[in-house]
Amino acid sequence: MRISLLALTSLSLAAAFTPRLSVSRTNTASFATRMPVEKPSYKGIDKSIDEVFENNQAWIDRKEAKDPNYFGALGSVHKPKYLWIGCSDARVPANEIMGLDAGDVFVLRNVANMVTGTDFNVMSALQYAVTALEVPHIIVCGHYDCGGVRASIENRDHTPPLENWLRSIRDVYRLHSSELNAIKDPEQRHRRLVELNVIEQCINLFKTGVVQRKRVETFRSDEFSITQPRIHAVVFDPATGKLNPLKVDFRHYIDELHDIYDLYAVEDETKVDEANREAIKGLSKGEAPHLPSDIDADVEVDKRWPKWKFWKKT
Ligand SMILES: [Zn+2]
């Protein structure tokens, strides 16, 4: 007779809990005295874990020696300048390779630094970073010798869910297959795929409503000198430690995609008067914006997005 793994797990869990279930509330104290109490410390159990906590204390000491109010400040405000979307690879620690401190970078990492529209993890982090934290910069960082990118060009099933994940990188290869197939050296082909994957993930960011709304809002606002968020494609080389910006003319890419992916656009500059500016305040936060009383009566007013007509692609 076959017993499923789940059934076995249930049986062993039941066995583990049986003694506890037999203990009544009245004799809980005596039961507790017989049970060894695990101290909330790993000291001596696992040297490598001990090292983590010792390092942490040393880090606290260093920070406080330099600035006694360091943690007072760190604990009171969360206002990072960057959203980092990088690979989970252990050799690519965002803050460390950029020489930035705690509090400077809002970090999201996954296998091969992917930005997938159906991934709630990346989309939620993006929404929070752009609308709540208002990060002015988003960095998508790939890296050479990326295991995820290497796996994506193997003709074998890595089995779900990893294989599903890797398929999005296979799609990047398909989009650029003529360029990639022309590169004879396998290592150089891998490095170029890493770069193209970063560029495609940046383009995926431009496709999102949350980025488009914020860029339109900041483009229109006098408060911002540049359109935000800025999106940067970079590649890290673990063999040299160098973080290289990719020279990408996103305008070139995006110009070809407007007809398909534009969700927001200002159709006519002259139509955007002060009342409209007021109406769009808060759009990037996902809020229903305040509707000015003198709003153009000819505009078809949607209850949630009063200025939809000006923003939605026609
Ligand atoms: Zn990687």
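The protein has 15 helices and five strands, where helices (H or I, at least four residues) and strands (E, at least two) are DSSP runs numbered from the N terminus. This is a predicted model, in which local features need pLDDT of at least 70, side-chain atom pairs count only at pLDDT 80 or more, and totals for chains, interfaces and linings use all residues. Residues are numbered from 1 along each chain as its sequence is written.

Of the 314 residues in the protein, 21% are buried. A residue is called buried if 20 or more other C-beta atoms lie within 10 Å of its own, exposed if 12 or fewer, and partly exposed in between, with C-beta atoms placed from the backbone. Contacts, in turn, are pairs of residues whose C-beta atoms, placed from the backbone, lie within 7 Å. Among contacts between residues at least 6 apart in sequence, 63% join residues at least 24 apart.

**The annotated binding site**

The unreviewed UniProt entry places the feature "binding site" at C87, D89, H143 and C146. These residues are spread over 60 residues of sequence, yet they cluster in space, the largest C-alpha distance being 8.7 Å. UniProt positions are given in the numbering used here, feature names are shortened, and annotations may be inferred rather than shown by experiment. Two of the annotated residues are set out below; their contacts leave aside residues up to four places away in sequence.

| Residue | Place | C-beta atoms within 10 Å | Contacts |
|---|---|---|---|
| H143 | strand β3 (residues 137-143) | 26, buried | C87, D89, V92, V194, V235, F236, D237, P238 |
| C146 | loop between β3 and α7 (147-152) | 26, buried | C87, D89, A112, V194 |

H143 is thus in contact with C87 and D89, and C146 also touches C87 and D89.

**Helix α6**

Helix α6 (residues 120-132) has 13 residues and spans 17 Å from its first C-alpha to its last, close to the expected 18 Å. The expected span is 1.5 Å times one less than the number of residues. Within α6, V122, L126, A129 and V130 are buried. Viewed down the axis of α6, the buried residues fall within an arc of 90°, so they line one face of the helix; the arc is that of the directions from the helix axis to the C-beta atoms. An α-helix has 3.6 residues a turn, so residues three or four places apart point the same way.

The buried residues of α6 are covered by elements including β1 (82-87), β2 (105-110) and α11 (209-220). On the face turned away from the buried side lie the exposed residues F120, N121, S124 and A132. After α6 comes E134, which has a positive phi, near 55°.
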